[in-house]
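Hi,

Here is the structure I promised to pass on. Have a look at it first, and my notes follow below.

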Amino acid sequence: MHPNVLLDTATDLLREVGKLDMPADVIVSNFFRKHRELGPRERHALAETAYAVLRQRLLFQHLAQSGSGALERRLAILAWQGNESQIRGAMGSHEQQWLRQVQAIDRGTFSEKLRHNLPDWLAGALKNELDDEGFWSFVSAMSGSAPLDLRVNTLKSNRDKAQAQLREAEIEATPTPYSPWGLRVQGKPGLQKSDVFLRGDIEVQDEGSQLLAALVAPKRGEMVVDFCAGAGGKTLALGAAMRSTGRLYAFDVNGHRLDKLKPRLARSGLSNVHPAQLTNERDDRIKRLAGKIDRVLVDAPCSGLGTLRRNPDLKWRLSSKAIDELVELQGRILESASRLLKPGGRLVYATCSPLRREDEGIAEAFSAAHPEFQLLDAGELLKAAGVERADELNAGGYMRSWPHAHSMDGFFAAAWQKT
């Protein structure tokens, strides 16, 4: 594609993304649907440009003030730093000179806000959770992109075999440091066309998400509920751990998300999964199953701020008030899901959020209101499930992962046993 066309297309895409009226991944895929002439390389370059701008939006907007022409065009040029060769032919001499001047500025002289690129409410909340070094390490990790993590479907394969088959497909994968079923791939290889993926031997799933299934640790023949199943990544991991025996219910209020589980379920070879759409967290199905379930996973609707490397738009689309509304919902969902358990059953509550009010706040309130639920040590549970270096993920009896410390999404989890 000619550099002029590429830069113009990037400018148009940034105009759409900048509205922040939908999740960025939805906006990008809608844009590509309208522009079918774009090849894989152009799509990759354009998506990376959009995400770079979302990650460093405050800084780029500040730097762009000094240039001329459309703001989105200047943002696109800034996002291409390091790869300017792709668009150099499209830049006028005045733009090239402006870019050189901007690149010469010492970034260390900028205000703290321009260096961390976070809204005030979020920066304040994170500083309460992390010391100064941890905060800036978190910021640094979030300004990069996330690796691609895969979970090996142990019903069909094992890690060594899947790694060798990926290598045959010219995809280099290394074992994940914590999850015993995980493989990590750098870059964005054509995974979905590989035989090993099409056969259902591997699934895309972040390592942190895999560890939630390890905490639930379901056994063969049990009755298990994935209460907020979404597109079913954790459901599939639970089903494989159960060796496709027993009954595994995948509940969600969003039918569209559950639809995405169907093709994944077909590939997985599992026959024990029962997806069902709920009307709300007090659905009649829950009443019918009350007191009958061995294990329940509640991966609650949350801010998702632990996934900022993948979804940098979240920090601009969320507010402190929106978190308050989520906290209320999280408490209600956990309360309702807990009724499903039979005595001796295990309950796991999880979020992909680094915020204490969505995490420890919810867990502590639940423990205080339910003396019949005994808090279990998450580090011990992970160790028992064969998770490597489980102690590193133990935060006062809860599980906690950080992108900068553990190279995975930011997850929190608490586990209880009903006495």
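Let me start with one helix. The residues of α12 that come out as buried (under 20% relative accessible area with a 1.4 Å probe, protein chains only; over 50% is exposed, in between is partly exposed) are Glu-207, Gly-208, Ser-209, Gln-210, Leu-211, Leu-212, Ala-213, Ala-214, Leu-215 and Val-216. That is 10 of the 10 residues in the helix, which runs over 207–216. Helices here are DSSP runs of H or I with at least four residues, strands are E runs of at least two, and both are numbered from the N terminus.

Before you go on, two words on the source. This is a predicted model, so local features need pLDDT of at least 70 and side-chain atom pairs pLDDT 80 or more, while totals for chains, interfaces and linings use all residues. Residues are numbered from 1 along each chain as its sequence is written, and side-chain values use heavy atoms, with hydrogens and water left out.

Back to α12 and its two ends. Asp-206 caps the N-terminal end, with a side-chain oxygen 2.8 Å from the backbone nitrogen of Gly-208. Just after the helix, Ala-217 has a positive phi of about 45 degrees.

Now the cores. A nonpolar core is a set of buried Ala, Val, Leu, Ile, Met, Phe, Trp, Tyr and Cys residues joined through side-chain atoms within 4.5 Å. The largest one has 41 residues, and Leu-46, Leu-78 and Trp-80 have the most contacts inside it. Helices α1, α2, α3, α4, α5 and α6 each put in at least two residues, and α3 gives the most, with eight. If you leave aside neighbours within four places in sequence, Leu-78 is in contact (heavy atoms within 4.5 Å) with Phe-60, Leu-63, Ala-64, Trp-98, Leu-99 and Val-102. There is also a second, separate core of 37 residues, and Leu-215 of α12 is in it along with Met-242, Cys-302 and Cys-352.

On the cysteines: how many disulfides does the structure hold? Zero, taking a disulfide as two cysteine sulfur atoms within 2.5 Å. The sulfur of Cys-302 has its closest cysteine sulfur in Cys-352, but at 3.6 Å that is too far for a bond. Cys-228 is buried at 14% relative accessibility, and its sulfur is 9.9 Å from the closest cysteine sulfur, in Cys-302, so no bond there either.

Last item: Ser-194 sits in the loop between β3 and α11 and is buried, at 7% relative accessible area.

Cheers

Methods
A polar contact is a pair of N or O atoms within 3.5 Å; within protein, one must be able to donate a hydrogen and the other to accept it, and residues adjacent in sequence count only if both atoms are side-chain atoms.
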